[in-house]
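Please look over the structure below. The report covers one loop residue, one surface patch and two ligand sites.

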Amino acid sequence: MARQLCSSIFKRPTTTFVFIILLCILGLYTFDSPLSHTKKMTQEPSKEIIPFYDTFLSLSSNYTVAEYLHSLTIHSHLAGTREGYQTAQYVKTHFENLGLETKVSEYKVLLSYPVHLSLTAHFSNLGTQEIGFPEVGFDVVRPYHAYSPSGMAVGMALYVNYGREEDYHVLEVAGVNASGCVVVVRRGGGMSRGGVVREAEVRGAVAVLTYTEGEYAKGVERGTVMKGLGDPLSPGWGSVVEGGERLKRGDKEVEDRFPKIPSMPISLETAQVILRSLEGPRGPQEWEDTLKNKGVRIGPGPTLLNFTYQGEEKSATIHDVFAVIRGSEEPDRYVLLGNHRDAWTFGAVDPNSGTAALLDVARRYAFLMRLGWRPRRTIILCSWDAEEFGMIGSTEWVEENIMNLGSRAVAYLNVDCAVQGPGLFVSTTPQLDDLLIDITKKVKDPDAGDKTIFEQWTARNKGINIQRLSGVDSDFAPFLQHIGVPSVDIYYGKDFPVYHSAFDSYDWMITHGDPLFHRHVAVAGLWGLLALRLAEDPILPFNYRSYALQLQEYTSSLSNMLEGRASITPIITSIKNLLAVAQEVGEEAKKLSVSGASIDTGVLMRRMLNDRLMLAERGLLDADGLQGNRWFKHLVYGPSSNYESKLGFFPSLADAMSHSTQTKRGNQPTIQHEIWRVARAIQRAADALKGDLN
Ligand SMILES: *[C@@H]1O[C@H](CO)[C@@H](O)[C@H](O)[C@H]1NC(C)=O
Ligand SMILES: *[C@@H]1O[C@H](CO)[C@@H](O)[C@H](O)[C@H]1NC(C)=O
Ligand SMILES: *[C@@H]1O[C@H](CO)[C@@H](O)[C@H](O)[C@H]1NC(C)=O
């Protein structure tokens, strides 16, 4: 949609405009021409680029970012729809108007939409009523679960808490059988939406209704129930528009990714009506929820639910949009910033707060380019489509470009629901910890006067709190977990109450999420600066000592949990090796950054070291992948198939361990094998970092 908005940097409120002109003039005095920049860089690395960093930060504007968000969220823009396409056009036009090299990659993928839904309840005292039609009056897709099969189900209502295996055990003990029931599940407890439906299916339930605590009472959380990532018809390869291989519905590999019983999300309000009508035994105290169902009775019945869902599947064209800023010295090394664009509804938080930040980073980079700046390495801004259906846009692109990304991608920086409220939350692969911390010291906190983000963030958390990336909840998953690219995920605030509902709108953002758009500005600042450092530092700012130390921590929790069931010596040895190499590499980097080496050999030696730093993460991949799902190749970070796993790392090993706990069989050989696999992966990372043949 060619909305006539401020995509040109010259259209803005006058005061900002004057300020920018001033900066321009100052900028022209402080910056060298691109040519002299290039030459000098090789001797005196990062000094001259620093003014660009300051300029990047000073170009921030809460006005532009607010305008971007407003334009992006005027209409609901679900992937595969006309409005979805218009949003792609909007982003593309923005990049083009900035003079950036722009590219669109299209994929043809299987998407799923609702056609007809009905839910009636027969109450013992009130008779039959239609329930479950919330969010009326919004021009959005009605609440549904993408890839739910069509079907009709009639059964007694039964409350099953989070719908975990252990919850069904509780039911069994109480003598309640879920078979033939329509189960009502609250979201949470570490269960994925699809996982909940599959567990219910195994127990013989005929349908699943999910609701979300903490959500607006009338809001409903839409979502996908497909297992795994990417287009279901092209597992492992890019679903190019013309001529690629495509599986069919009915093929086992395809069918395995979809549940067999219908499901849909309901509002908190509807859930309340159903749950309060139930009789039967009381659930345990932990099953009481925010509905204030004290001593909640779980059923089954006497309320009888009648649920009909009819969906349709479409082969839709989706659009990933890119802006490319070619590197001047290492154009074949990529620093990627990614955010998805498609939304279940208006998407003001999820994901377009991130899109607005991406467009603002693009605006600022384009401005720097007018001042003569070119990054050393190539920067690519990525706007993904169809993330909500299962990370489809990013996954197809990664699968299609697996060789070039695998050998050239330096880092992937993800931002999804950029602004949900106050407070920084960040996840990284550990070699990026130091860089991230450094960047938080450079950007002002949006909620704390003159303090830096670092000061506010560490005060809140009483120290540094960096999460890791084992989840599969955004587009970093294909980059890190499939092809081993060091990754970051950044957001402000968490657990926003309008998640995937019609209330996730611009209006919510200006009343609750970020009324003055300073948090958006902070995210754009962190994100853009991280990418600048990764694209500019002559030696990649990766610290593998942090990785080794993190792995050491994992090993001690592992050792406690194993209780002597297997030997972790192989892992300990390989971590020791990684730590030693990381230390050597740290010294080498220091020498190279102040080296008196001639320009030519200096360039080559730095490039050699950088390649080792970039590829070390790839060492953690294993061709055989995770036992639970072989598409996931990373043996340190990835999803374990058992949600009860308390590890949060070494997913395949976690599965082997929890399996052995459950079956009470000594599964020692499997556990030991998984330990060896992890140990070999860490050794591969150490070898890649060292760069010498054994
Ligand atoms: C639950 O009921 C189904 C159908 O009647 C039956 O096949 C199944 O064995 C029962 N499960 C338990 C745990 O009793
Ligand atoms: C359930 O609902 C469908 C569609 O509204 C209706 O055709 C069917 O008769 C209902 N079944 C029962 C048992 O109430
Ligand atoms: C931008 O920030 C200023 C200063 O806090 C504020 O007065 C203004 O309303 C903000 N603009 C928007 C669009 O929120």
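Is Gln431 buried or exposed? Gln431 is buried, because its relative accessible area is 0%. Here buried means under 20% relative accessible area, exposed over 50%, and partly exposed in between (1.4 Å probe, protein chains only).

This is a predicted model: local features need pLDDT of at least 70, side-chain atom pairs count only at pLDDT 80 or more, and totals for chains, interfaces and linings use all residues. Residues are numbered from 1 along each chain as its sequence is written, chains are lettered from A and ligands numbered from 1 in the order in which they are written, and side-chain values use heavy atoms, without hydrogens and water.

**The loop residue.** Gln431 sits in the loop between strand E13 (424–428) and helix H13 (433–440). Helices (H or I, at least four residues) and strands (E, at least two) are DSSP runs, numbered from the N terminus. The side chain of Gln431 makes a polar contact of 2.9 Å with the side chain of Thr429. A polar contact is a pair of N or O atoms within 3.5 Å; within protein, one must be able to donate a hydrogen and the other to accept it, and residues adjacent in sequence count only if both atoms are side-chain atoms.

**The surface patch.** Met152, Val154, Met156 and Leu304 form a nonpolar patch on the surface. Strand E4 (residues 151–159) gives the most to this patch, with three residues. Met156 lies in strand E4. Met156 counts as partly exposed because its relative accessibility is 33%.

**Ligand 2.** Ser118, Met152, Val154, Asn306 and Thr308 surround ligand 2; a residue is near a molecule if one of its heavy atoms lies within 4 Å of it. E4 and strand E9 (304–325) each supply at least two residues of this shell.

**Ligand 3.** Around ligand 3 are Asn62, Tyr63, Ala66, Pro515, Leu516, Phe517 and His518. Helix H4 (residues 62–72) gives the most to this shell, with three residues.

The table lists distances from a ligand oxygen atom.

| Ligand | Partner | Distance |
|---|---|---|
| Ligand 2 | Asn306, side-chain N or O atom | 2.3 Å |
| Ligand 3 | Asn62, side-chain N or O atom | 2.3 Å |
| Ligand 3 | Leu516, polar backbone atom | 3.4 Å |
| Ligand 3 | His518, side-chain N or O atom | 2.8 Å |

Taken alone, ligand 3 exposes 360 Å², and the protein buries 56% of that. Accessible areas come from the Shrake-Rupley method with a 1.4 Å probe; for residues, only the protein chains shown count as cover.

Key. Patches are made of residues with over 30% relative accessible area and no salt bridge: like charges are joined within 9 Å, nonpolar side chains (Val, Leu, Ile, Met, Phe, Trp, Tyr) within 5 Å. A salt bridge is a side-chain nitrogen of Lys or Arg within 4 Å of a carboxyl oxygen of Asp or Glu.
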